[in-house]
Amino acid sequence: MTIIEEISEYLQKGKAKNVKTLVQQAIDEGADPKQILNEGLLGGMMIIGEKFKKNEVFVPEVLVAARAMNAGLTILEPKLVEIGNQAVGKAVIGTVKGDLHDIGKNLVTMMLKGAGFEIYDIGVDVEADAFIEKAEEVGADVICMSALLTTTMPNMKTVIDALNDKGVREKYIVMVGGAPVNENFAEQIGADYYTPDATTAAEVAKKAVE
Ligand code: B1M
């Protein structure tokens, strides 16, 4: 097994310490930082994402894998900055106003990170204007909204209406998700994409910014 394959394997097992050590070792041995990122860290995270989608692994496994990915990234990031590695895009993500559920949002965040996005997570109970302010500030490509309550779903429309009112709707790809949300609702409120899970959200976001 190559060191890159080992990084991917340990990441999938959520072994953050091993991932960190192996990423450092790979750098010291002169491995290409982009290969460490794409095949080792992101490769491992994509495999976990696929397994999550098929119910072969569950939320805790995804969370530990993501923690291992973040551990590896802390070692790799300075190298990536040195060689000017570009993120595939920028995404602002939050749970809409009135809603405190963040487990799903955090999974989407991790999978987007895993897909190579620069992420701005603005938390839970987020006002419409806060989504827009952050998106404008960082020059986001994608705005991602999560809602878990039937009572807070309409607040996704509030954000889209506010984007329209400010004349900036066309600047952003708007994605929505969360247990009570569906394709029909997304269409009704004028979102660009609904995705049912975190892995699909990352895949769709990546395709959308290409
Ligand atoms: Co709440 N809660 N909760 N809760 N909670 C639900 C959602 C509920 C269905 C439980 C029930 O009654 N059966 C119900 C909603 C009913 C409804 O609206 N129809 C409910 C309720 C009523 C409430 C309170 C009102 C309860 C009360 O106080 N009376 C209250 C509301 C607080 C508030 O938000 N203002 C409340 C509070 C809480 C806790 C704080 C205790 C806790 C949240 C902790 C936290 O998030 N940090 C909590 C929890 C844990 C749940 C359940 C049990 C689990 C939610 C979860 O994390 N699932 C939930 C019941 C259930 O779903 N079985 C429930 C796991 C997570 C991975 O799934 O978030 O769906 P999910 O994310 C998925 C996809 O939906 C998708 O990707 C993820 C997986 O890949 N996804 C996206 C999510 N966002 C996406 C965005 C995308 C794309 C995909 O694109 C941008």
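The questions and answers below go through a predicted model of a protein with a bound ligand.

User: Which protein residue is the donor to the cobalt atom of the ligand?
Analyst: The residue sits in the loop between β1 (89-95) and α5 (103-114). One of its polar side-chain atoms also lies 2.7 Å from a nitrogen atom of the ligand. Its NE2 atom is 2.2 Å from the cobalt, as the single donor from the protein, and the residue is His101.

User: Which element supplies the largest share of the shell around the ligand?
Analyst: The ligand is surrounded by 27 residues, and the closest include Leu100, Asp102 and Ala198. At least two residues of the shell come from each of α5, β3 (142-146), β4 (173-177) and α9. The largest share is four residues, and the element supplying it is α5.

User: How many residues of the shell around the ligand are charged?
Analyst: The shell can be divided by residue type, with 16 nonpolar and eight polar residues. The charged residues number three.

User: How far is a backbone N or O atom of Thr150 from an oxygen atom of the ligand?
Analyst: Backbone atoms take part in polar contacts with the ligand; at Leu100, a polar backbone atom is 2.6 Å from a ligand oxygen. For Thr150, the distance from a backbone N or O atom to a ligand oxygen is 2.9 Å.

User: Is Thr199 buried or exposed?
Analyst: Thr199 belongs to helix α9 (residues 198-209). Beyond its neighbours within four places in sequence, Thr199 is in contact with Gly49, Glu50, Phe52, Lys53 and Met111. Its relative accessible area is 1%. Buried means under 20%, so Thr199 counts as buried.

User: Which helix gives the largest share of the largest nonpolar core?
Analyst: This core has 43 residues, and Leu41 and Leu112 touch the most other members. Its largest share is eight residues, which come from helix α4 (residues 59-82).

User: Which residues does Leu41 touch, not counting residues up to four places away in sequence?
Analyst: Leu41 is one of the two residues that touch the most other members of the largest nonpolar core. With residues up to four places away in sequence left out, Leu41 touches Ile7, Leu11, Val19, Val23, Ile36, Met69, Gly72, Leu73 and Leu76.

User: How many residues are in the other core, the one that includes Met153?
Analyst: In soluble globular proteins, nonpolar side chains tend to be buried together. Here another core lies apart from the largest one, and Met156, Ala162 and Val174 are among its members. The number of residues in this other core is 28.

Conventions
Residues numbered from 1 in each chain as written. Predicted model: local features only at pLDDT ≥ 70, side-chain atom pairs only at ≥ 80, totals over all residues. Heavy atoms only, no water. Buried < 20%, exposed > 50% of the residue type's maximum accessible area, 1.4 Å probe, protein only. Contact = heavy atoms within 4.5 Å. Donors = N, O, S within 2.8 Å, 3.2 Å for Na, K, Ca; no water. Near = heavy atom within 4 Å. Polar contact = N/O pair within 3.5 Å; in protein donor to acceptor, adjacent residues only side chain to side chain. Nonpolar A, V, L, I, M, F, W, Y, C, P; charged D, E, K, R; others polar. Core = buried A, V, L, I, M, F, W, Y, C linked by side-chain atoms within 4.5 Å.
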